[in-house]
Amino acid sequence: MKATALAHPNIALVKYWGKRDDALILPHQSSLSLTLSPLSVTTTVEFGVGNDAVELNGHTARGSERERVLRLLESVRASAKKELGPAKVVSRGDFPMAAGLASSAAGFAALAVAGRAAAGLLADPRAASILSRLGSGSACRSVQGGFCEWQRGERADGEDSFAVQRFDAAHWPDVRMVVAILDRGEKEVKSRDGMKHTVDTSPYYPAWVQDAEKEIPHAREHISRRDLQALGELCERNAWRMHATSMAANPPLCYLSSGTLALIQHLREQRKKGMPVWFTLDAGPNPVLLTDAAHEVAAEALARACGALDVVRCVPGGDAELKAEHLF
Ligand code: DP6
């Protein structure tokens, strides 16, 4: 009745931006990401104790944070088809303070894997992906390592909307993602609200959906050939298009800061000089640079020269996994 799991975050190369079902967290389009090591979140779940107590990074979770965790556990209880009782959850991330990198994807993936195991359910990446999706959409891509594709699915119940691993972490050990933390502040508009506002008000949204879906097989192809330049160009244009559709919302939504733009400008200049480095950008001002092992130190230097307060160099990460040691 007690289990612990560790999961890594992921960064999307083809972004997820917009839901067709807000309750079940079903996306309008497919997305594709790389799971990242060494950052991780570890979560212990025990059923039959406490009264649904949830502790995240040393704080008691409240409000929507707590509700999202309990909702996921409710779905575990439904799958287990037996009386599990209340649960105690403790979760801890090793992300640098306010890394500017969301830990929720890794957190919900770890919760799903630990929750299923604690309930006595068999290890099943597909079921764990569907389960973690209920916590946060992008979490479904953190259940497995390497390059994972969240297939949007067609069904109204979401049973065909989960992530599959396309290439494991060993496929491209040389690829690197370098997170440049330009701003440690909380973002003004959370991804969840920003994407909803974009779906509801951006006239460019249908074009975004069509284009992102079309890019998925291209991304897969570039990854299969380990073609960094082609993948870099694709991930940059996909990030620009996600932000363009948000900027076209009403009122407009802009996640870029002047620092973000300055870094992007500098990165282009370095690229002209022959450095293989591209960027992607989630719903915030902190770019993530895509490069290879030979250039990760130079990519970090580039980020610091542009005012990065912190830089996290990441390599391809593995699957979420069960751990013998518990957090309580
Ligand atoms: C820009 O997965 O955090 O990072 O499903 O509402 O919890 P919810 O949103 P979330 O959104 C991630 C958006 C993104 C792009 C991506 O990771 O694909």
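**Questions on strands, loops and a ligand**

Trainee: Over how many bridges do strand S1 and strand S16 pair?
Mentor: In this predicted model, strand S1 covers residues 2-7, and S1 and S16 run in the antiparallel sense where they pair. Within that pairing, Leu 6 of the one chain stretch stands opposite Glu 321 in S16. The number of bridges over which S1 and S16 pair is three.

Trainee: Which strands stand at the edges of the sheet?
Mentor: The sheet is an open one of six strands with mixed pairing, and its order reads S8-S7-S9-S6-S1-S16. An edge strand has a single partner strand, so one side of it is left without a neighbour in the sheet. The strands that fit this description are S8 (59-60) and S16 (321-323).

Trainee: Helix H1 and helix H2 both lie across strand S6, so at what angle does H2 run to S6?
Mentor: Helix H1 (residues 63-80) lies across S6 (41-47), S7 (53-56) and S9 (87-93), and its angle is given relative to S7, at about 125°. Helix H2 (residues 104-118) lies across S1, S6, S9 and S16. The angle at which H2 runs to S6 is about 30°.

Trainee: Which residue of strand S15 is the bridge partner of Ser 37?
Mentor: Strand S15 covers residues 310-316, and it pairs with S5 in the antiparallel sense over two bridges. Strand S12 (residues 175-181) also pairs with S15 in the antiparallel sense, over five bridges, and there Ile 181 has Asp 310 as its bridge partner. For Ser 37, the partner in S15 is Val 315.

Trainee: Which residue is joined to Ser 37 by a cis peptide bond?
Mentor: Most peptide bonds are trans, but the bond after Ser 37 is cis, with omega at about 10°. The residue that follows this bond is placed in the loop between S5 (31-37) and S6. A second cis bond joins Asn 250 and Pro 251, with omega at about -5°, and Pro 251 lies in the loop between H6 (228-247) and H7 (258-272). The residue joined to Ser 37 is Pro 38.

Trainee: What is the phi of Ile 25?
Mentor: Most residues other than glycine have a negative phi. Ile 25 is not a glycine, yet its phi is positive. Its place is in the loop between S3 (19-21) and S4 (26-27), and its phi is about 55°.

Trainee: What percentage of the ligand's accessible area does the protein cover?
Mentor: The closest residues around the ligand are Tyr 16, Lys 19, Ser 136, Ser 138 and Arg 192. Oxygen atoms of the ligand lie 2.5 Å from a polar side-chain atom of Tyr 16, 2.6 Å from an N or O atom in the side chain of Lys 19, and 2.7 Å from a polar side-chain atom of Ser 136. On its own the ligand has 460 Å² of accessible area, and the share of it that the protein covers is 94%.

Trainee: Which helix gives the most to the shell around the ligand?
Mentor: The ligand is surrounded by 17 residues, and by class they are seven nonpolar, four polar and six charged. The helix that gives the most to this shell covers residues 191-201 and supplies three residues. That element is helix H4.

Definitions and conventions: Residues numbered from 1 in each chain as written. Predicted model: local features only at pLDDT ≥ 70, side-chain atom pairs only at ≥ 80, totals over all residues. Heavy atoms only, no water. Near = heavy atom within 4 Å. Polar contact = N/O pair within 3.5 Å; in protein donor to acceptor, adjacent residues only side chain to side chain. Areas by Shrake-Rupley, 256 points an atom, 1.4 Å probe, with all protein chains shown as cover. Helix = DSSP H or I, 4+ residues; strand = E, 2+ residues; numbered from the N terminus. Nonpolar A, V, L, I, M, F, W, Y, C, P; charged D, E, K, R; others polar. Pairing = 2+ DSSP bridges. Contact = heavy atoms within 4.5 Å. Axes fitted to C-alpha atoms, helices over the stretch in contact; angles between N-to-C directions.
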